[in-house]
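Trainee: Could you help me learn how to read a protein structure, one feature at a time?
Mentor: Gladly! Let's look at it together.

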Amino acid sequence: MRWFLIFWAGPIVFLGGWYWLSYYDMNFGIFMLTRQVHDLTFQLYGEVLGIPPENIPPLVARAIAVDSLVVFAIMGFRKRQSIIAWWKARQLNSSSDLASKESLSSAP
C-alpha cells in the first residue's frame with residue numbers, strides 16, 4: 001500500500017510543483033521552470049486536444065480530485081474492518097460520556 005501511495009502522490013507533487021513554479025516564473029535558472037515553457041506546454045496540449053489552453057488546468061485539477069477519491073476509496077475499503085471498529089468504539093464512548101455525573105451541571 002505504501003508503494004501504491006508513493007506512485008500516486010509522486011507525479012501529483014511533481015506536476016503541482018512544476019505548475020506552481022513555472023506559473024509564477026520562479027525558475028532558479030532552470031529553463032523548464034520558466035513561464036515561456038509553461039505557456040508553450042499548455043499551448044501544445046491545447047492544440048493536440050483541440051481546446052483552449054486556459055481550459056486545461058481545471059480539467060487536470062478535476063482529474064486529480066477524481067483520482068484522489070478513487071485512491072482514498074480503495075484505502076478505506078482495505079481498512080474497513082479497523083474503521084468500523086473505531087466507529088463503534090467512538091459511538092460507545094460518546095454515548096456513555098453524555099450521561100456521566102461529571103458532565104452534569106452543579107449550578108443551583
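Trainee: Where do I begin: how many of the residues in the protein chain count as buried?
Mentor: Of the 108 residues in this chain, 10% count as buried. Please keep in mind that this is a predicted model. The accessible surface of the chain is about 9000 Å², and 69% of that belongs to carbon and sulfur atoms.

Trainee: What does the secondary structure of the protein chain come to?
Mentor: There are four helices and zero strands. Reading from the N terminus, the order is α-α-α-α.

Trainee: And how should I read the contacts along the chain?
Mentor: Take the contacts between residues at least 6 apart in sequence: 34% of them join residues at least 24 apart. Valine 71 makes a good example. Valine 71 belongs to helix H3, and it lies 66 residues from leucine 5 in sequence, while their C-alpha atoms are 8.1 Å apart in space.

Trainee: Is valine 71 buried or exposed?
Mentor: Buried means under 20% relative accessible area. Valine 71 has 5% relative accessibility, so it counts as buried. Leaving aside residues up to four places away in sequence, valine 71 touches Phe4, Leu5 and Trp8.

Trainee: I'd like to try aromatic rings next. What describes a pair of them?
Mentor: Two things do: the distance between the centres of the rings and the angle between their planes. This structure holds eight aromatic pairs. In one of them, the ring centres of tryptophan 18 and phenylalanine 42 are 6.1 Å apart and the planes are at 35°, so we call the pair tilted.

Trainee: Which helices do tryptophan 18 and phenylalanine 42 lie in?
Mentor: Tryptophan 18 is in helix H1 (residues 2-23) and phenylalanine 42 in helix H2 (residues 35-49), so this pair ties together parts that are 24 residues apart in sequence. Both tryptophan 18 and phenylalanine 42 are buried.

Trainee: What kind of pair do tyrosine 23 and tyrosine 24 make?
Mentor: Their ring centres are 5.0 Å apart and their planes are at 90°, so that pair is edge-to-face. Tyrosine 23 has 36% relative accessibility and therefore counts as partly exposed. If you step back, you will find one aromatic cluster formed by Trp18, Tyr19, Trp20, Tyr23, Tyr24 and Phe42.

Trainee: Where does the charged end of arginine 80 sit?
Mentor: Over the ring of phenylalanine 77, at 4.1 Å from the ring's centre.

Trainee: How can I tell where empty space is left?
Mentor: Imagine rolling a probe the size of a water molecule over the atoms; that shows where empty space is left. Here the largest pocket holds about 400 Å³ of space. Its lining consists of 17 residues, and Leu15, Trp18, Tyr19, Phe42 and Val60 lie nearest the centre of the pocket.

Trainee: Which helix gives the largest share of that lining?
Mentor: H1 does, with six residues. Each of H1, H2 and helix H3 (56-78) supplies at least two residues of the lining.

Trainee: Could you tell me about some lining residues one by one?
Mentor: Let's start with leucine 15, which is in helix H1. Its relative accessible area is 36%, so leucine 15 is partly exposed. Leucine 15 and valine 60 are 45 residues apart along the chain, with 10.0 Å between their C-alpha atoms. Beyond residues up to four places away in sequence, leucine 15 touches Val60 and Ile64.
Mentor: Tyrosine 19 is also placed in helix H1, and at 27% relative accessibility it counts as partly exposed. Tyrosine 19 is 19 residues from histidine 38 in sequence, and 7.4 Å from it in space, C-alpha to C-alpha. Again not counting residues up to four places away in sequence, tyrosine 19 touches His38, Phe42 and Pro57.

Trainee: One last feature: what sign does phi have in most residues other than glycine?
Mentor: Most residues other than glycine have a negative phi. Aspartate 25 is not a glycine, yet it has a positive phi of about 55°. Aspartate 25 is in the loop between H1 and H2 and is partly exposed, with a relative accessible area of 38%. Phenylalanine 28 is found in the loop between H1 and H2, and its phi is positive as well, near 50°. At 65% relative accessibility, phenylalanine 28 counts as exposed.

Key
Residues numbered from 1 in each chain as written. Predicted model: local features only at pLDDT ≥ 70, side-chain atom pairs only at ≥ 80, totals over all residues. Heavy atoms only, no water. Buried < 20%, exposed > 50% of the residue type's maximum accessible area, 1.4 Å probe, protein only. Contact = heavy atoms within 4.5 Å. Areas by Shrake-Rupley, 256 points an atom, 1.4 Å probe, with all protein chains shown as cover. Phe/Tyr/Trp six-rings, centres within 6.5 Å; stacked < 30°, edge-to-face > 60°. Lys NZ or Arg CZ within 6 Å of the ring centre and 35° of its normal. 1 Å grid on protein atoms, 1.4 Å probe; cavity = no way out; pocket = protein on both sides within 12 Å on 5 of 7 lines; lining within 4 Å. Points joined across faces, edges and corners; volume = space filled by probe spheres on them.
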